[in-house]
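This report looks at how a ligand is held by its protein, beginning with individual polar contacts and moving outward to the surroundings.

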Amino acid sequence: MKRTKSFDNSHFVLYLIATPIGNLSEISERALTTIKEMDIIAAEDTRNTGFLLNRYGFSKELFSLREHNENEASSYLISLIKNGKKVAYVSDAGYPGISDPGYLLVKNALKEDIAVSTISGPSAFINALVASGLETNHFYFHGFLPAKDSEAKEELEFLKDKRETLIFYESPHRIHRMLENLFEILGDRNAVIARELTKLNEEYIRGALSELVAINEQELKGEMVVMVEGNKQEETISDQFLIDKVNNLVNKGLSKKDAIDIVSDHFMVNKNRIKKLVL
Ligand code: SAM
């Protein structure tokens, strides 16, 4: 077990700063203060980040950390941090590590006992989900499906029994094919396309997959998050499975009532159905 505190100077700290996903004014005062304090800002795209920093009048040393150099670049950044330099990482938009580089940097930093701290901001999938009207208590973020159709369909086969709201990222040139694949594998479920979030053309398109797939491709431009209702067919979860889950919790010391509540909430199954099975 390892514990790190972000604010007591007991560790060197790597900062991860979330940046705007479209509307450039969506950057917090804390993000700006942190940027100001840094010696080096590592970025997925130094040109993009340069524009953002310029807007706020910062002139900082920038260092490029992208998907294909993440390992070597993170070793260099870690050596800087251990030599007392203040370093933050930003990806092109939203949070580093969310369908963007950042994970290896964090993993390598933690191995070297460097604390990692996040400066909050927007992320496309959180913005999209909370306004989607689909269930927000339980969701599954998948990010991008593979570009190859056969592989995308194979992944969807694994996801089709999930009861949580499913969340995907997609680029405009593949959106139509993706919607066709979603419709084919998941069936005609309710879904939402959240397009151009925080920008002037922000749009939510809510409907059944059969309706979304019929939209003219030309209308689906820009950046998009696609969300699909989870599998609502309760019969995909067997009676025996539910009984076993309740019994497991009861054996661990929970009351039957609490165990039923937890299993019902976790697997999104009607409480009365579980009660009938175990009481
Ligand atoms: N790190 C980012 C985050 O935290 O959301 C995600 C970066 S990922 C490379 C880019 C994808 O995120 C886009 O293809 C799109 O699916 C989604 N995205 C980013 N900005 C968006 C926006 N303003 N509106 C809708 N989707 C967006």
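In this predicted model, an oxygen atom of the ligand is found 2.7 Å from an N or O atom in the side chain of Tyr169. The table places this contact beside two others, one made through the side chain of Asp100 and one through a polar backbone atom of Met224.

| Ligand atom | Protein partner | Distance |
|---|---|---|
| oxygen | Tyr169, N or O atom in the side chain | 2.7 Å |
| nitrogen | Asp100, N or O atom in the side chain | 2.9 Å |
| oxygen | Met224, polar backbone atom | 2.5 Å |

Taken alone, the ligand exposes 580 Å², of which the protein buries 91%. The ligand sits in the largest pocket, where 19 residues surround it, the closest being Ile21, Ile98, Ser123, Tyr169 and Met224. Sorted by class, this shell comprises 11 nonpolar, three polar and five charged residues.

Two strands, strand 7 (165-170) and strand 10 (224-228), each contribute at least two residues to the shell around the ligand. Because domain 1 (13-122) and domain 2 (125-228) both give residues to that shell, the ligand lies between them.

Technical notes:
Residues are numbered from 1 along each chain as its sequence is written. This is a predicted model: local features need pLDDT of at least 70, side-chain atom pairs count only at pLDDT 80 or more; totals for chains, interfaces and linings use all residues. Side-chain values use heavy atoms; hydrogens and water are left out. A residue is near a molecule or strand if one of its heavy atoms lies within 4 Å of it. A polar contact is a pair of N or O atoms within 3.5 Å; within protein, one must be able to donate a hydrogen and the other to accept it, and residues adjacent in sequence count only if both atoms are side-chain atoms. Accessible areas come from the Shrake-Rupley method with a 1.4 Å probe; for residues, only the protein chains shown count as cover. On a 1 Å grid over the protein atoms alone, a cavity is a set of points where a 1.4 Å probe fits but cannot get out, and a pocket is an open set with protein on both sides within 12 Å along at least five of seven lines; lining residues have an atom within 4 Å of a point. A molecule sits in a cavity or pocket if more than half of its atoms lie within 2 Å of its grid points. Helices (H or I, at least four residues) and strands (E, at least two) are DSSP runs, numbered from the N terminus. Ala, Val, Leu, Ile, Met, Phe, Trp, Tyr, Cys and Pro count as nonpolar, Asp, Glu, Lys and Arg as charged, and the others, Gly among them, as polar. Domain bounds come from an automatic or database domain assignment.
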